[in-house]
Amino acid sequence: MNRQFAAMRLPTGRRRDDALLRAAETSSEELLARLRTTRNGLSAREAALRLRHVGLNRIARERRPNMLRELAGRAKNPLNALLLSLALASYALGDVRAAIVIAAMVALSVGLAFVQEHRSNEAAAKLQAMVRTHASVRRPGAHTADGFVEEPVERLAPGDILRLSAGDMIPADLRLIDAKDLFVNQSALTGESMPVEKTAQPAPARDPFEAKNLALMGANVVSGYATAVVVETGRRTLFGAMADEIAGPRVETSFDRGVTRFTLLMIAFMTVMAPAVFVINGATKGDWLQAMLFAVSVAVGLTPEMLPMIVTVNLAKGAIAISRKKVIVKRLNAIQNFGAMDVLCTDKTGTLTQDRIILKRCLDIFGEDSARVLELAFLNSHFQSGLKNLLDRAVLEHHELAHALRPDHAFEKIDEIPFDFERRRLSVVVRRDDGPHLLICKGAVEELFAASSRYETESGCGALDAAHLDAARRETDELNGDGFRVVAVAYKELPQEQAVFSTADERELILVGYIAFLDPPKDSAAGAIAALAGAGVAVKILTGDNDAVTRKVCKDVGLAVDRVALGAEVEQASDAELDALAEKTVVFAKLSPPQKARVIDALHRGGHVVGYLGDGINDGPALKAADVGISVDTAVDIAKESADIILLEKSLSVLGDGVLEGRKVFANIVKYIKMGASSNFGNMFSVLGASAFLPFLPMTPIQVLTNNLLYDISQSAIPTDTVDAEYLAAPRRWDIDNIAKFVLCIGPISSIFDYATFGLMIFAFGALADPALFQTGWFVESLLTQTLVIHVIRTARMPFLQSRASDALMLTTLVVCLVGASLPFTPIAGVFGFTPLPPLYWPAIFGFLFCYAMLAQLAKSWFARRWGM
């Protein structure tokens, strides 16, 4: 059987499109026969056999890379390519030792980045296993009322029968066999921003994307429901074939652009310096080969070869740190964006509240308790096939009604009019044994008031007039003011012979009353909001709920609310007006999904870095619009797919930890950039000056490279470094102007002491006649000053006394200093061209180091007061 099944599979390209187009124009029954399945679906055994043949339902970019691919990913970097080119140049010029040292630098950078990122991937994979997207699959013999069970989407096989409802991601290429008011968002595939209506009728199509009865992987259900059969899975889907194109390049953040700009600046600096050094040394010394080797070594020294490693290790370390708090980072760069975030937008439910909704009141329009309201609400929630939200679950917890009403026996579902964010209501049509069809509608209070013409209470019925509506609104406003979420319930009798139902039937309804829910505020919410505010992150509420409930919850958690902007105001505002509104408003209520995204875009235009926390169908656009999209493991598929970060616990508290980790990451990356740029800027003056007046090279190529390798080792522990509390107190963004000013202020200081060392070696020790002595003396001084200044630059405070580096950074800098100082006295000194230094050299150098540290500290303190660190 599976051999026959394999024969009908179509591999790639045009044949794949043909298979889908044939499925579109084929009747449901004929297609099911071709796929060797039925409306009852595949048995678990048959599905497993097909999976064994076609593979798991994954696309290439979802597959976790193996260790070799991870290593290759770290190695593929322009800086590594440049360094390896320089290593080949050194080898070609006959300097094998230089080539080995350059290769060692590349190995150090790639190796450290690989190890840390692999650890991060391992931690993320363990947590990711806890967050799996599922699909509703029909299995014969399943112990459920409707035969559907939840299966991981990766276990889907061609021929499986699926049920789709609002919020679901389309998990494979599907052919619809039943559909009701199904609207699908396929913008990820076609760029089409508006949802597209899908039907189950067979019809020819020129293109799979245009076929009305195909639902393709990568799209998501906006509203309605459907039953579908799986036609293609994994890499055989259209999405799988075009995954790389669909993914596209990720939009660069200001941090990405800043790092790239710095890298290109250093490379440009190198391309100017290296030829200048080559020409000056060749012209003054006459040995052009040695001049070339020295220029290559200088080029290596000016290359920020550790930058990719520092960035990757910092981001991976941050991801590991917050993974311990059960936070999954889907995209490493989101860690840094956390640190830059200064506005967090979030929905109210489950973030400020306990996400534990309790049905407290069932009232008629006069505020009297009504069992009839609860019965109709129960039938609506029981029979609706869409995504059952927390309100539905709270209604269905009244199990006594299941016994009293016997809905699966006394009623038969005829049809459903799904929820959408325009109507803000959902209706089901049921048939009773003893009467006409009954349309039961449940939804937002304002919308149902507008759609109703009569009311019903236990004492009778009557026409709704303005007085009734005003009284009902006052009652619901009072409930909202007490923190209750209120949903109206109405019904309408329809003729038994009516077979087609639509939104047009939701008029002239009979309003029976409303149900009121309570979602208590979280005890931790007030403290979390205060902590975020203390860290410079403003919290804004973007909710679809009404303003009165939202205002009450915000008051309970200590979030000051001057005014509430409603969705209608957002809709009517121009971009300029919305920019001003978003800046000064804390709470936005009754928002539709596009309006949430529009508010976030307005905050972006105001210069803010915005995070968004959401888990519902209506949060997808906002999650994509935000710099940091955050969701939870219990979210609907589209929310998890859109998010950069997934929380295993929906809490603002853990976000505060993420913000601090992001700022630590940014701080340690900027430390490296400031150190490297300052060192290179100072070395420029020293190398050019020494090359001009010395009759020999100021350092041999192997000495320059060894110096650079040791300095790289000392910096490799920067990702472990501690960060001062005051630096973490405010959002941090890339500021290239501040870095440039810092380099101009601190960089030249090292040249002062380089030239002091030149004078010491020439006039005190006669090194002009002993090139090896001069080169050894400058090698040691250069390494010690570069390594020492790490501790000065890493903090705005007094180093060692007020701010101490991490143990790892202290250890690496100490070891590198000891190795550098002892090399001239070791048996391998001759390999590097070193000679022992005279005893009087050391007191002089320690004096230089002390003066250098003091002068650098004074300059840094002045800079911090003037421009900030």
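## A buried glutamate and its lysine partner

Glutamate 416 counts as buried, with a relative accessibility of just 1%. Keep in mind that this is a predicted model, so everything here is read off computed coordinates. The side chain of glutamate 416 meets that of lysine 413 in a salt bridge, 2.5 Å from N to O. Lysine 413 is partly exposed, at 26% relative accessible area. The cut-off for buried is under 20%, so lysine 413 at 26% falls outside that class.

## Other salt bridges

Opposite charges on side chains can pair up when the charged atoms come close. The structure holds 30 salt bridges, and a few of them deserve a look.

Start with glutamate 151 and arginine 139, whose closest N and O atoms sit 3.3 Å apart. This pair links distant parts of the chain: glutamate 151 belongs to strand E2 (residues 148-152), while arginine 139 is in the loop between strand E1 (134-138) and E2, and the two are twelve residues apart. Both glutamate 151 and arginine 139 are buried.

Then there's glutamate 726 with arginine 797, a salt bridge of 2.7 Å from N to O. Glutamate 726 lies in helix H30 (residues 725-728) and arginine 797 in the loop between helix H32 (771-793) and helix H33 (807-822), so this salt bridge ties together parts that are 71 residues apart in sequence. Glutamate 726 is partly exposed at 41% relative accessible area, and arginine 797 is partly exposed too, at 27%. You'll also find a network of salt bridges linking Asp575, Asp579, Arg598 and Arg605.

## Strand E16 and its neighbours

Strand E16 covers residues 484-494, and ten of its eleven residues are buried, so the rest of the structure largely encloses it. What does E16 pair with? On one count, eight bridges join it to strand E13 (residues 437-444), and the two run antiparallel. For a landmark in that pairing, look for histidine 437, whose bridge partner in E16 is leucine 494.

E16 also pairs with strand E17 (residues 509-518), again through eight bridges and again antiparallel. Here arginine 485 stands opposite phenylalanine 517 in E17. If you're tracing side chains along a strand, remember that in a regular strand they alternate between the two faces of the sheet.

## Helix H28

Helix H28 runs over residues 652-693, which makes 42 residues. At 1.5 Å a residue, H28 should span 62 Å, and its end C-alpha atoms are 63 Å apart, so the expected and modelled spans agree. Of those 42 residues, 33 are buried, so H28 is largely enclosed by the rest of the structure.

## A polar contact in helix H16

Helix H16 (residues 390-396) contains aspartate 392. Aspartate 392 is buried, with a relative accessible area of 3%. Its side chain is joined to that of glutamine 384 by a polar contact of 2.6 Å.

## A nonpolar patch on the surface

Now for something on the outside. Tyr91, Val96 and Ile100 form a nonpolar patch on the surface, and together they have about 330 Å² of accessible area. Isoleucine 100 is found in helix H7 (residues 96-128). Isoleucine 100 has a relative accessible area of 56%, and exposed means over 50%, so isoleucine 100 counts as exposed.

Key
Residues numbered from 1 in each chain as written. Predicted model: local features only at pLDDT ≥ 70, side-chain atom pairs only at ≥ 80, totals over all residues. Heavy atoms only, no water. Buried < 20%, exposed > 50% of the residue type's maximum accessible area, 1.4 Å probe, protein only. Helix = DSSP H or I, 4+ residues; strand = E, 2+ residues; numbered from the N terminus. Pairing = 2+ DSSP bridges. Patch = residues over 30% accessible without salt bridge, like charges linked within 9 Å, V, L, I, M, F, W, Y side chains within 5 Å. Areas by Shrake-Rupley, 256 points an atom, 1.4 Å probe, with all protein chains shown as cover. Salt bridge = Lys/Arg side-chain N within 4 Å of Asp/Glu carboxyl O. Polar contact = N/O pair within 3.5 Å; in protein donor to acceptor, adjacent residues only side chain to side chain. Expected span 1.5 Å × (residues − 1).
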